[in-house]
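This report looks at how two protein chains sit together and how charged side chains pair within and between them. The structure comes first.

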There are 2 protein chains.
Amino acid sequence: MRYAIKIGYDGSHFNGFAMQPDKKTVEGEILKRLLKTGIIKSRRESRFQYAARTDKGVHAFGNVIALDAKANPVKVLSEMENIWCTGYATVKEGFNPRHAKAKIYRYYLINEGYNIKEMEKAAKLFEGRHDFSSFSRRDARNPIREIYSVRLHAGKIIKIDFLAPSFLWNQVRRITAAIIAIGMEKASIESIKRALNGERINFGIAKAGNLVLLDVVYEGLSFEKITPDEIFLRREIYKDALDYIMNATHSRNVGLTKPVE
Amino acid sequence: MRYAIKIGYDGSHFNGFAMQPDKKTVEGEILKRLLKTGIIKSRRESRFQYAARTDKGVHAFGNVIALDAKANPVKVLSEMENIWCTGYATVKEGFNPRHAKAKIYRYYLINEGYNIKEMEKAAKLFEGRHDFSSFSRRDARNPIREIYSVRLHAGKIIKIDFLAPSFLWNQVRRITAAIIAIGMEKASIESIKRALNGERINFGIAKAGNLVLLDVVYEGLSFEKITPDEIFLRREIYKDALDYIMNATHSRNVGLTKPVE
């Protein structure tokens with residue numbers, strides 16, 4: 001049976017997704033676990049594949065791996081540290097998770113008084129088909145790409161959502177850096193237009209730790225959802241952290257039975 | 001000038017608080033940063049001290065360090081990874097953060113159908129002055145201790161708050177393990193009573209990663225609050241993670257402009 005598994009991870013604990021000798025990576029840890037528990041005999045035999053090779057530091061809720069296995073791998077993959085299963089499906093023999101309908105990335109940014117209107121304008125420029133040479137790290141792939149949408153949600157935290165069938169290396173982080181530069185009024189809308197028309201301009205690269213691969217979507221494939229306990233706990237811990245740090249009147253918060261004096 | 005700084009950290013990135021040779025610890029990273037930036041010349045000269053020596057894996061929002069420095073150390077300590085400043089105060093010459101009015105720990109637990117009524121009864125037993133020999137790892141200190149309160153908040157996540165002037169080594173985690181055993185009906189209220197009266201019973205130890213040192217409180221000392229951006233971001237990321245995984249209708253969530261087909 002071939003399985004597709006949605007994988008979430010806290011990227012700060014890994015040297016990126018892709019396996020590397022002597023380095024702790026998401027793929028490396030997953031394969032180690034699958035081999036150790038006998039779920040697969042070898043990478044090759046299981047035809048192990050993945051959707052996105054996220055950079056060092058980048059997080060995910062819904063990256064996708066696929067593998068042939070005799071038993072559902074969800075259980076053994078749910079007992080890892082900083083890696084979680086967030087869904088699964090059984091898929092056809094030839095399913096390759098790289099061939100997605102869309103990948104969705106979200107970039108998080110503390111709003112430090114950016115010019116949001118201009119950032120929204122900038123974001124729009126990246127939608128559609130363009131030459132992304134200035135907005136990616138060069139590799140063998142064609143830099144002419146289509147992005148379905150770049151949407152900005154502004155609040156105390158700005159979120160920028162990117163939707164495309166695939167992304168080039170560092171593409172999201174380089175586009176984000178350009179949008180941030182616009183928000184800080186350190187770059188012009190014109191310069192982005194020129195860069196999208198083939199001129200090489202370096203807008204820098206936004207840091208990895210604020211980027212999340214939200215999901216990978218496939219035609220006609222829906223996943224059974226899994227909500228990992230660890231994500232519940234972390235949400236609650238950071239919610240409490242904020243409440244606590246911002247409002248701390250300590251005796252109230254801890255339900256003090258006896259006055260401390 | 002002597003400063004007291006509230007320190008938060010993600011314990012999963014460190015080998016505990018206390019410095020150890022060749023291991024990444026919270027104290028070690030803080031001292032390295034203070035020395036490197038010239039905020040202090042040496043540990044001894046700065047009379048560096050701390051409130052709580054949390055175990056490997058335990059998190060904190062409000063542990064407290066104290067040090068003599070010519071300039072406020074908050075800025076340089078706010079640029080670290082997985083360590084945050086959550087408050088600061090200037091203090092008297094002789095201030096030693098160990099001498100606290102109270103320390104507050106919170107344990108987080110997914111509610112998997114525990115017997116909450118019994119857990120609440122068990123929690124109550126630990127309040128007051130008892131022999132905690134069965135509920136701590138033996139060291140030179142007197143095992144007769146007072147705990148002001150042990151309070152249980154039950155929801156989808158159970159939180160157990162501990163308030164005491166000080167805690168023994170592993171005390172919170174060992175008490176929590178006993179309360180969990182009661183909740184699972186694997187131990188009796190009677191056995192806890194016997195253990196608190198001097199009989200040696202091992203109830204096990206709850207895992208470190210779910211424990212947070214919420215705060216350390218001092219008589220007549222209030223801190224300027226700082227809310228680290230990183231905690232805002234993490235709260236938002238894990239909030240989105242849950243919303244996303246639980247409700248994911250992807251096209252809605254990402255504000256799809258163009259139908260993906």
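## Salt bridges and the chain contact

B:K121 counts as partly exposed, at 48% relative accessibility. The model is predicted. B:K121 pairs with B:E118 in a salt bridge, 2.8 Å from N to O. B:E118 is also partly exposed, with a relative accessible area of 22%. Both residues belong to helix α4 (residues 116-125) of chain B. They are 3 residues apart, about one turn of the helix.

Chain A has a pair with similar spacing. A:E190 and A:K193 lie in helix α6 (residues 189-196) of chain A, 3 residues apart, about one turn of the helix. Their side chains form a salt bridge at 3.8 Å, N to O. A:E190 has a relative accessible area of 45% and is partly exposed. A:K193, at 36% relative accessibility, counts as partly exposed too.

A:D10 and A:R234 link distant parts of the chain, 224 residues apart. A:D10 sits in the loop between β1 (2-9) and α1 (26-36) of chain A, while A:R234 is in helix α7 (residues 229-247) of chain A. The salt bridge between their side chains spans 2.8 Å, N to O. Is A:D10 buried or exposed? A:D10 has 4% relative accessibility, so this residue counts as buried, the cut-off being under 20%. A:R234 counts as buried as well, at 11%.

The salt bridges described one by one are listed here, including one between the chains.

| Salt bridge | N to O distance |
|---|---|
| B:K121 and B:E118 | 2.8 Å |
| A:E190 and A:K193 | 3.8 Å |
| A:D10 and A:R234 | 2.8 Å |
| B:K159 and A:E236 | 2.7 Å |

Over all chains, the count comes to 40 salt bridges.

Now the contact between the chains. How many salt bridges are there between chain B and chain A? The count is 6. One of them joins the side chains of B:K159 and A:E236 at 2.7 Å. A network of salt bridges links A:R106, A:K159, A:D161, B:E236 and B:D240. Polar contacts between chain B and chain A involve 17 residue pairs, both residues at pLDDT 80 or more. Several elements of chain B give two or more residues to the side that touches chain A, among them β4 (83-91), β5 (102-110), β9 (157-164) and α7 (229-247). The largest share, 17 residues, comes from α7(B). By class, this side of chain B has 29 nonpolar, 11 polar and 21 charged residues.

Each chain gives 61 residues to the contact. The area buried between chain B and chain A is about 5800 Å². Carbon and sulfur atoms give 68% of that area.

What relates the two copies? Chain B superposes on chain A after a rotation of 180° with 0.0 Å of shift along its axis, with an RMSD of 0.0 Å. The copies are therefore related as by a two-fold rotation axis. In chain B, the C-alpha nearest the axis belongs to B:R235, at 3.0 Å. Both copies use the same surface, as 100% of the contact residues of chain B recur in chain A.

One more charged residue is worth a look. B:R2 lies in strand β1 (residues 2-9) of chain B. B:R2 counts as buried, at 2% relative accessibility. Its side chain makes a polar contact with the side chain of B:D68 at 2.9 Å. A polar atom of the B:R2 side chain also lies 3.0 Å from the backbone oxygen of B:F95. Beyond its neighbours within four places in sequence, B:R2 is in contact with residues including B:S46, B:Q49, B:L67 and B:V91.

Methods
Residues numbered from 1 in each chain as written. Chains lettered and ligands numbered in written order. Predicted model: local features only at pLDDT ≥ 70, side-chain atom pairs only at ≥ 80, totals over all residues. Heavy atoms only, no water. Helix = DSSP H or I, 4+ residues; strand = E, 2+ residues; numbered from the N terminus. Buried < 20%, exposed > 50% of the residue type's maximum accessible area, 1.4 Å probe, protein only. Polar contact = N/O pair within 3.5 Å; in protein donor to acceptor, adjacent residues only side chain to side chain. Contact = heavy atoms within 4.5 Å. Least-squares fit on C-alpha atoms with pLDDT ≥ 70 in both. Buried area = accessible area lost by both parts, 1.4 Å probe. Salt bridge = Lys/Arg side-chain N within 4 Å of Asp/Glu carboxyl O. Nonpolar A, V, L, I, M, F, W, Y, C, P; charged D, E, K, R; others polar.
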